[in-house]
Each structure stands twice: as structure tokens, then as C-alpha cells.
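I opened my notebook to look up a few things in this model. Here is what I wrote down as I went along.

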Amino acid sequence: MFSQNQDPEFTFNPHRTIMYDVYISFEPHYPSHPFISLLSGALKRAGVHLFLDNYMKPKSKDLILSSVIKGSRVSIVVFTTDFACTTWSLKELEKIMEYRSSRGQQVVPVFYEVDPKEVFNQSGHFGEALLATLARTSTNQAKVVSYMTALKEAAAISPRFLTNFRDRSKTIDSIVGHVTSLLDSTALFVAEHPVGVNSHVQDLIQLLDNKKSDSVFIMAIWGMGGIGKTTVAKVLYNQISHNFDVRKFVPDIDERMEDFPRRWPLGIIEEELLLFLKEQVATKACNFDSTSVIWWEGIRCVKVLLVLDNVRSEKELEVFPVTCECFGPGSIIIITTRTKHDQFNEIGINHVYRLKEMDYNECVELFSQSAFKKATPERNYADLINRALEYSDGLPLALVAVGSVLFEKGRVEWESVLERLKRFPLQDVWQVLRKSIDSLGYDMKQMFLVLAYLSHFFIGMDQNDVTQILQKAGCDVVVALKAIKGLEDHSLLSFEKDRFRMHRLIQDIGREMYLKESSIKPQ
């Protein structure tokens, strides 16, 4: 049985990123600079999903480096004479240039009242500030070289934007135009090893090819947390987006609501999308006045690809423009979700594509990429690999997580880690899977806890037998059937060929929760 007490070695983040369109890097002691305020405002009005680090407290700075910069498609670096006054700006730039090299991230350098040559050569007032910072912080030589290299590389990027107080408005217009052009042409970054994804994408492309060309098609990609819905949606988006007049991927709706509840209420995410669509009306909808109070009519004239990633509640479906009447002929709306919502019928979902666990060969390849950094595993680890695969039960998130923990460890350490997994869950995997459980209503949650606690008994039974057993235990048949249907919709159980199935990790989490939370005594 798992314990939620956290083992330090099991604090693992399996490449989790928070995806933004743009990250702005600026001198941290002056985040409210008028130029930054004007630039961020102009980007938001263009519908750009933006991150500014003045929202982050110092203790959260690691989150910026590990998730926000990595998860941004474009980084704007605003150089000033004081940019190098702190090592934090230099660390940010170093990380940005690293992701430019490793992930193809776009970088836009802006020089505000500073000469690009001073940044490139580390000379003048800029160079003096840099040397003072390095002397004050006792930075080692290797890090000094890394910082200087990052400064040189960033200063040499073209195009670059030079501005000052007088001409900032004109420059901001140019920056926004350049950034929106980059976002329109830049492919979304997909997982490092998208094993098994292409077969799903080809299935979906075939499905889309068979739709009526003059209709609006709405599709949901549905499956349990960590199954790869976002990865499939990104690859599909990259492959078909060139066929559309307007394209928009709204990322991580669930994560944004959870991580920044005050900064990112649902209304602001909605406003961001609507601002983007309104901007598109101005440029893509012929003969339509985007300043009109009925500008929304204009978007019905264009062919749109819209992806709403990680939709968690029906409230979000009500807020976002998810109906066949919203966009022009040939438009496609794709929703990724772990819950098959009742509202799917109301909004006219044309197809629900269920994403299932990986098969054995896909599991071996993905796990090997994570544990050995190659597609084929080490033969002398075969018995231990099978234990890791049994634990992960075909879930990509778990396969990557377990493999990363085992990377560069010997057999003895593998034995120890796999044994400890029985007591200490990988926290990030646990948290992702628990979200579906925590979203349940009281009655449905109590039913889940019982089914999970007794899952070893129910596994393999047909649905009628499960219902009859629950009825004999005193549960109302209608209530039981409704709860089971709801748990299926939440991706917490399934009936494969009419046989009860629950993912192994979901079983473990449910049993642990049952012992701590449930007041129901199994009969």
C-alpha cells in the first residue's frame, strides 16, 4: 500500500511545462517599467498568451527556469543598461539561449536605450554593470564564460529592435507584428520522445478527411490523466494548421486555473482568446469592420483551427466559443479532456476519440528512452524492466517518470527504487491522477473508493455482475449504474469487452484514499 509521505528521491517532475506564447525577460528590479507595460499591453491586445515574471515571488523563481521559459514559444529579451545588474537576468538569458539551441525556441532581442554593440562586447555602461555584478557574486569562471556567450549570441540575433522613450510606440507595433508572425509560423514543441503518437494522429487525420468540407467539425480527445492527449493534439495541430486561415492552440487551461488562480481566472483566459480572434477578423475577414460592435460575425467568414487543451469542467465549455455556429465552413475545434462531459451533446460534438494505454512494445520503447536514452533496453535489465512496466501499466506519464528516476543507476539501485515504489509514489504522477478523483461529487467518489478498494475482486467481471454485487451489498441499482457511468466518463474505470478494468495506479491511489477518507464499510 502506498504512503503519501514523500521520499526525497521520488520528488520528480516528468518534463512538466506550463505553455505560453511569449515570455518577457527584463531587469527584475524594475518590472513595472513603462516600456514593458506598453509592450505587454499591446501583446495581450493581439491575443498573445503572455508571462511576465513580476507576478512571481522570489521563492518561485525556480518555477520560471524549469517550466515557464521552457514552455514558452517565444522569448523577448529587453536589454537596458541595467539588465546585467543582477545574476538573475543573466541566468534567465542563459536558460533562454539554451532552449533556443535545444528546442528551437524563438528569441527576440530588444535594446531599450542601450547600444547592441555594448551588449555584444560587454563594454560601456552595460559592461561596467556586468563586471560589477560578477565581482559581487563571486561567479565561477565557467559560469562567467557561459553568461558572456549568451549575451553575445542574443545580441547577434536578427531581426533586433532598437528603441528609446520617443519612438517606443512605433517599435512596439513592429515587435508585436514580428512576434505574432513567429507564433503563426512556429510549430508547437512536442514531447522529446513521442512514442506511439503517430498512429493516433493518422487515425484522427483520416477521420477529419472524411468530414464534410463545408461543415464545422468539433472533436474531443478523451482519456485519463497522463495518457498523452496534449501530445497527440500538438502533433495533429502541427500537421494540419497550415490548412486554416486562423489557428490557435489554447494551452493548459486546467494548469493555468490551478497554478495562477488569481491571475488567470476563467474570464481572463476567455478574454485572451476573444482578443486574438478579434485581431484575426481585422486581418483575415475580408470586407468586415473589426471595430464594429458585432465584430464576432466576422470570424464566421474564416476557416479556423482551435484547440482547447485540458478542459476540466463544463463551465469552460460554456465560456469558450465551442459551437458549430461560431466559425466559418471547414473549421475544426479540438478539445482535450479527461472527462466526457454531458454537455458534449449540447454543443454538437461530432466525435469523441478515446486515447488508451500504450501496448507492450510502445511501453518498452518509451521507458527505454527515459531510462537508457535509447530506443532499445539493456538485456541484462529485462526482469527489472518488466517490473517497471507492470507498475506503469501502459501510462506514458508513469513510464517517463519511473525511467527518469532509474536513469544512470545500477541493478542494485533499480531493485531498491522499484521496491520503494510500493510505498512511496512518484508525487507528480500521483497528483495528476488524483485530479480526476478530486473532481468527483460525494456519492460518486464514495462509489469509486469502494470499487478501487475491492478492485482485485472486480477486475475481469462483466458490468452486470458488478452491479448485482453492489445491489446485494445494499446499493440502489440506479444509483450504482449512474455512478459507474460517471466514473467511466471521468476515465477512472472502463469496461473492455464488457469486462471491468481500472488502471493499476488508480487502484493504488483509491485504496490509499479509502483507508483515509471513506466511511463506507465494504460488504
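Helix α3, length. This is a predicted model, so I began with a check on helix α3, residues 87–103. At 1.5 Å a residue, I expected its 17 residues to span 24 Å, and the end C-alpha atoms are indeed 24 Å apart, which agrees.

Helix α3, burial. I then asked which residues of α3 are buried. My list runs Thr87, Trp88, Ser89, Leu90, Glu92, Leu93, Glu94, Ile96, Met97, Tyr99 and Arg103. Just past the end of α3, I noted Gly104 with a positive phi of about 70°.

Strand β3. Next I turned to β3, residues 72–79, and found eight of its eight residues buried. I looked up its partners too. Strand β1 (residues 20–25) runs parallel to β3, and five bridges join the two; Ile24 stands opposite Ile76 of β3 there. Strand β4 (residues 106–112) also pairs with β3 in the parallel sense, over six bridges. Phe79 has Phe111 in β4 as its bridge partner. Following the chain from β3 through α3 to β4, I recorded a right-handed β-α-β crossover.

Cysteines. How many disulfides does a search of the whole structure find? I got zero. A disulfide needs two cysteine sulfur atoms within 2.5 Å, so no pair here meets that cut-off. I also checked how covered two of the cysteines are. Cys301 has a relative accessible area of 52%, and since exposed means over 50%, I put Cys301 down as exposed. Cys363 comes out at 5%, which is under the 20% limit, so I entered Cys363 as buried.

Notes. Residues are numbered from 1 along each chain as its sequence is written. This is a predicted model: local features need pLDDT of at least 70, side-chain atom pairs count only at pLDDT 80 or more; totals for chains, interfaces and linings use all residues. Side-chain values use heavy atoms; hydrogens and water are left out. Helices (H or I, at least four residues) and strands (E, at least two) are DSSP runs, numbered from the N terminus. The expected span of a helix is 1.5 Å times one less than its number of residues. Buried means under 20% relative accessible area, exposed over 50%, partly exposed in between (1.4 Å probe, protein chains only). Two strands pair if DSSP finds at least two bridges between them. A crossover is right-handed if, with the strands pointing away from the viewer, the path from the first strand over the helix to the second runs clockwise.
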